[in-house]
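Subject: Structure handover and notes

Hello,

The structure is below, sequence included. My notes on what was found in it follow after that.

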Amino acid sequence: MPAIPASIPRVAPRADSAPRSGQALSVLVVSTLAFTVCFMVWMMFGVIGIPIKKALNLNATEFGLLTAMPVLTGSLIRVPLGIWTDRFGGRIVMAVLMACTVPAIWLMAYATAYWHFLVIGLFVGLAGGSFSVGTPYVARWFPKNKQGFAMGVYGAGNSGAAVNKFIAPALVVGFGWAVVPQVYAAVMLGTVVLFWMFSHSDPKHLVPSNVTFGQQLKALKDPKVLKYCQYYSIVFGGYVALSLWMVQYYVGEFGLDIRVAALLAACFSLPGGVLRAVGGWLSDKYGAHSVTWWVMWVSWVCLFLLSYPQTDFTVLTVNGARSFHIGLNVYGFTALMFALGVAFAFGKASVFKYISDEYPSNIGAISGIVGLAGGLGGFVLPILFGALVDLTGIRSSAFMLMYGVVWVSLIWMYFTEVRRTEVMGRHVPA
């Protein structure tokens with residue numbers, strides 16, 4: 001009797017591939033939806049903070065602290081959430097996390113004093129920790145060569161910042177700011193139900209129970225992790241900070257209505273979220289280093305131009321005094337913000353491609369600490385933006401600060417990556 005060809009037994013695993021690929025796609029879609037809603041809630045103060053600022057007569061620093069409070073909690077909880085995702089699975093952690101935010105979002109509508117908003121904002125900020133849950137949860141459903149794209153698609157949920165700018169201003173103008181948290185609480189509750197219905201779990205994705213938290217965190221001693229934290233503090237932290245800051249910037253700098261200001265601010269927030277998937281694809285194709293290097297240079301150019309304040313000066317010429325004005329109009333400013341949003345979108349994906357390449361078995365913990373750094377950037381920057389405006393009276397000082405942060409990233413990358421890359425010889429990268 002002739003021997004059965006060795007290739008025939010491989011038919012059996014193939015039968016499971018279709019259901020698994022369907023589950024992976026379902027997980028990706030519903031997780032991205034959940035993250036979009038979480039990010040929309042996380043950025044809520046970027047719009048409703050404007051009428052609250054007026055009602056409470058807040059200065060720029062107090063407004064920066066108000067917008068930043070949810071970012072603080074969402075940042076600090078990222079490390080434990082990433083570890084719990086490795087331990088218990090992303091499905092249960094994400095569902096519980098979203099459910100816990102619903103009461104706090106609803107209570108926001110009844111706050112009256114400044115400290116009420118700060119305290120409730122801390123609990124609303126739990127929604128921001130969803131990134132460290134969904135990133136490892138989604139990545140493990142896909143093969144290594146598609147993880148950058150999958151994480152990029154999930155990360156496109158950052159576009160929730162733009163969704164907030166489309167929905168919240170209309171609600172504020174039509175019904176008052178207090179309606180916004182009530183609507184958002186209902187949306188979050190519905191998202192919890194949808195997520196639980198269409199997500200899946202796989203025991204193979206869990207870190208073995210005999211692995212301790214300490215063992216998971218050992219990789220954090222790697223100095224490369226600190227470098228990725230620096231990168232992420234600008235591409236994500238800067239994105240969060242500017243998403244919170246831009247509506248009131250447009251209102252103050254160009255005298256626009258809140259609805260028009262939010263629409264123009266979405267020109268930064270929307271590409272900064274949606275195009276993250278493209279950044280993931282580019283990172284898979286060209287590598288995390290190449291994409292991140294160009295992201296930093298594009299950001300450097302944009303922030304340099306955005307930093308220049310509106311300036312009037314007089315020059316004494318041979319024909320007498322002549323006055324000049326230098327400054328960006330609303331169209332040039334918005335175009336630069338759009339380019340910066342695209343760069344940040346690519347950078348957010350490329351930084352996490354570094355992580356999936358170098359820490360495949362510890363994505364949860366590493367993404368948690370890097371996400372923490374990015375979130376803390378998003379917490380500190382709005383406060384510093386406000387302090388600089390109060391100190392200097394120059395609104396574009398926010399971009400001056402971020403310009404300096406990008407310089408740090410470029411110098412660090414040059415000395416740790418670029419100078420170590422051979423451009424001639426046998427070891428030149430393909």
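The structure holds seven salt bridges. Please keep in mind throughout that this is a predicted model. The notes start with the charged pairs, then go on to two helices, two loop residues and a surface patch.

Salt bridges

One of the seven salt bridges is formed by the side chains of E253 and R395, with an N to O distance of 3.3 Å. This pair links distant parts of the chain, since its two residues are 142 residues apart. E253 belongs to helix α13, whereas R395 sits in the loop between α18 (363-392) and α19 (397-418). E253 is partly exposed, because its relative accessibility is 25% and the partly exposed class runs from 20% to 50%. R395 is also partly exposed, at 34% relative accessibility.

D284 and K353 meet through their side chains in another salt bridge, at 2.9 Å from N to O. D284 is part of helix α15 (residues 276-286) and K353 is part of helix α17 (residues 330-358), so this salt bridge ties together parts that lie 69 residues apart in sequence. Are these two residues buried or exposed, or something in between? D284 is partly exposed, with a relative accessible area of 24%. K353, in contrast, is buried, because its relative accessible area is 6% and the buried class is anything under 20%.

K353 has a second partner: it forms a salt bridge with D357, where the closest N and O atoms are 3.2 Å apart. K353 and D357 are both in helix α17 and four residues apart, which means that about one helical turn separates them. D357 is partly exposed, with a relative accessible area of 33%. Taken together, D284, K353 and D357 are linked in a network of salt bridges. As general background, side chains of opposite charge can pair when their charged atoms come close.

Helix α13

Helix α13, which carries E253, covers residues 237-254. How far apart should its ends be? At 1.5 Å a residue, its 18 residues should span 26 Å, and the end C-alpha atoms are 25 Å apart, so the two values agree. The helix has a bend of about 40° at W245. Of the 18 residues of α13, 14 are buried, so the helix is largely enclosed by the rest of the structure. Just after α13 comes G255, with a positive phi of about 65°.

Helix α3 and the loop before it

Helix α3 takes in residues 60-76, which is 17 residues. From first C-alpha to last it reaches 24 Å, close to the 24 Å expected at 1.5 Å a residue. Where does α3 bend? The bend is at A68 and amounts to about 40°, and a proline, P70, follows within four residues. Like α13, this helix is recorded here with its burial: α3 is mostly covered, with 13 of its 17 residues buried.

The N-terminal end of α3 is capped by N59, which has a side-chain oxygen 3.2 Å from the backbone nitrogen of T61. N57 is found in the loop between α2 (45-56) and α3. N57 has a positive phi of about 55°, although it is not a glycine. N57 is exposed, because its relative accessible area is 67% and the exposed class is over 50%.

Helix α10 and its surroundings

A nonpolar surface patch of about 450 Å² is made by L33, V193, L194, M197 and F198. Which helix gives the largest share of the patch? That is helix α10 (residues 179-198), with four residues. L194, one of the patch residues, is found in α10. L194 is partly exposed, at a relative accessible area of 37%.

D202 lies in the loop between α10 and α11 (213-217). D202 counts as buried, at 16% relative accessibility. Its C-alpha is 7.9 Å from that of G89, while the two residues are 113 residues apart in sequence.

Regards

Conventions:
Residues are numbered from 1 along each chain as its sequence is written. This is a predicted model: local features need pLDDT of at least 70, side-chain atom pairs count only at pLDDT 80 or more; totals for chains, interfaces and linings use all residues. Side-chain values use heavy atoms; hydrogens and water are left out. Patches are made of residues with over 30% relative accessible area and no salt bridge: like charges are joined within 9 Å, nonpolar side chains (Val, Leu, Ile, Met, Phe, Trp, Tyr) within 5 Å. Accessible areas come from the Shrake-Rupley method with a 1.4 Å probe; for residues, only the protein chains shown count as cover. A salt bridge is a side-chain nitrogen of Lys or Arg within 4 Å of a carboxyl oxygen of Asp or Glu. Buried means under 20% relative accessible area, exposed over 50%, partly exposed in between (1.4 Å probe, protein chains only). The expected span of a helix is 1.5 Å times one less than its number of residues. The bend at a residue is the angle between axes fitted to the seven residues ending there and the seven starting there. A polar contact is a pair of N or O atoms within 3.5 Å; within protein, one must be able to donate a hydrogen and the other to accept it, and residues adjacent in sequence count only if both atoms are side-chain atoms.
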